[in-house]
Structure formats: structure tokens, C-alpha cells
Amino acid sequence: MTAVVAAAIDVRTGRIPNALTAAAALVGLTLAALGLTHTTLPMAVLGGVLGFALMLPGRLFGGTGGGDVKLMAALGTLLGPQQIVVAFLVGAVAGGALAVGHAWHRGRLATTMSRTAQLVVDPAAAKAAIDQAAPRTRFAYGPALALGAVFATMWH
């Protein structure tokens, strides 16, 4: 539910509120501590750290926002380490599809593909190009993360 709410807010506002991610993390840790979920407290903490760590490179390279990173950390406390990896992988595939669709819709598919390839060859230059183009190329990544979280929940 958290992921779906975050996705809806992200689509509408372009942001994922800190209050939402903090509350979700607190709920995940509390449920685990009380034994009311499938994961233990240490596993909830590990899931949160892993969710954060998986999304951090995207933030550092300018491809994802800070709210996306915090959302994955919060979802990690709810899902645990195994499911957050599944959520991340499914979310990455869905996010890639969204990015291609967004670039195509804006007539920037060739530029996007070129800059993506440049990430491998010259990451610093690619980050600078991404940062410069960011206002024209941003799209809500929350729906991709929500899809990943829902899939991971159903897969368990």
C-alpha cells in the first residue's frame, strides 16, 4: 500500500514525501519488532539498508531522486532483504521501460540511448549531461518501484 500511495503522489507532484517514507520505515521496523510480520527486526533493518544501497548509485549518477532511495529503504523494512532485491530488480526493469517510453514520447530516444551508453564509457561526463538535461527529462520513478514492491509481495 505504501508503494502505491508513494507512486500516486510521485506522479502527481514529482516528489515522494519524507513523512511517508519515514512512517513506512517506522511501521516496518515496529511490525518486525513485535513479530507481526514475516521478517525479524534484524532482517527488517538489513532490508532497509539493502534497499537504500541498491538505489544509491542511481542517485549518485543523477538517475533517481532522493525520495526514490528513501522509498526503497522504507520498503526494505517491510519486505526484508530477499524481497527487496526482487522489488529492486522488477522495479529496475519497469523503470527502464518507463524511461524508454518517456524518451520516445518526448522525441529524445536517440539522445537517451546515447547518454545511457556513455555511462559505461565516461560516467562523469554522462552525469554532467544528465544533470544538465534533468529538468526536461525527469519522470516519476515511483510507479516502477511500486510495481516491483507489489510483485515482490506476491512472489513471496
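**Exercise 1. Is leucine 147 buried, partly exposed or exposed, and why?**

This is a predicted model, in which local features need pLDDT of at least 70, side-chain atom pairs count only at pLDDT 80 or more, and totals for chains, interfaces and linings use all residues. Residues are numbered from 1 along each chain as its sequence is written, and side-chain values use heavy atoms, with hydrogens and water left out.

Step 1. Recall the classes: buried means under 20% relative accessible area, exposed means over 50%, and partly exposed lies in between (1.4 Å probe, protein chains only).

Step 2. Leucine 147 has 48% relative accessibility, so it counts as partly exposed.

Step 3. Place the residue. Leucine 147 sits in helix H8, residues 142–155. Helices are DSSP runs of H or I with at least four residues, numbered from the N terminus.

Step 4. List its contacts (heavy atoms within 4.5 Å). Leaving out residues up to four places away in sequence, leucine 147 touches Val90 and Ala94.

**Exercise 2. Describe helix H8: its span, its buried residues and their cover.**

Step 1. The expected span is 1.5 Å times one less than the number of residues. H8 has 14 residues and reaches 20 Å from first C-alpha to last, close to the expected 20 Å.

Step 2. Find the buried residues. In H8 they are Gly142, Ala144, Leu145, Ala146, Gly148, Ala149 and Ala152.

Step 3. Recall the helix rule. An α-helix has 3.6 residues a turn, so residues three or four places apart point the same way.

Step 4. Find the cover. It includes helix H1 (2–13), H3, helix H4 (66–79) and helix H5 (81–105).

**Exercise 3. Explain why threonine 39 counts as buried, and find its contacts.**

Step 1. Threonine 39 lies in the loop between helix H2 (18–33) and helix H3 (41–60).

Step 2. Its relative accessibility is 7%, so threonine 39 counts as buried.

Step 3. Beyond four places in sequence, threonine 39 touches Ala32, Ala44, Thr77 and Gly80.

**Exercise 4. Which residues of the largest nonpolar core touch the most other members?**

Step 1. A nonpolar core is a set of buried Ala, Val, Leu, Ile, Met, Phe, Trp, Tyr and Cys residues joined through side-chain atoms within 4.5 Å.

Step 2. The largest core has 21 residues; Met55, Leu71, Met72, Leu75, Leu79, Ile84 and Leu145 touch the most other members.

Step 3. H1, H4, H5 and H8 each supply at least two residues of this core.

Step 4. Take isoleucine 84. Among its contacts beyond four places in sequence are Leu50, Leu54, Met72 and Leu75.
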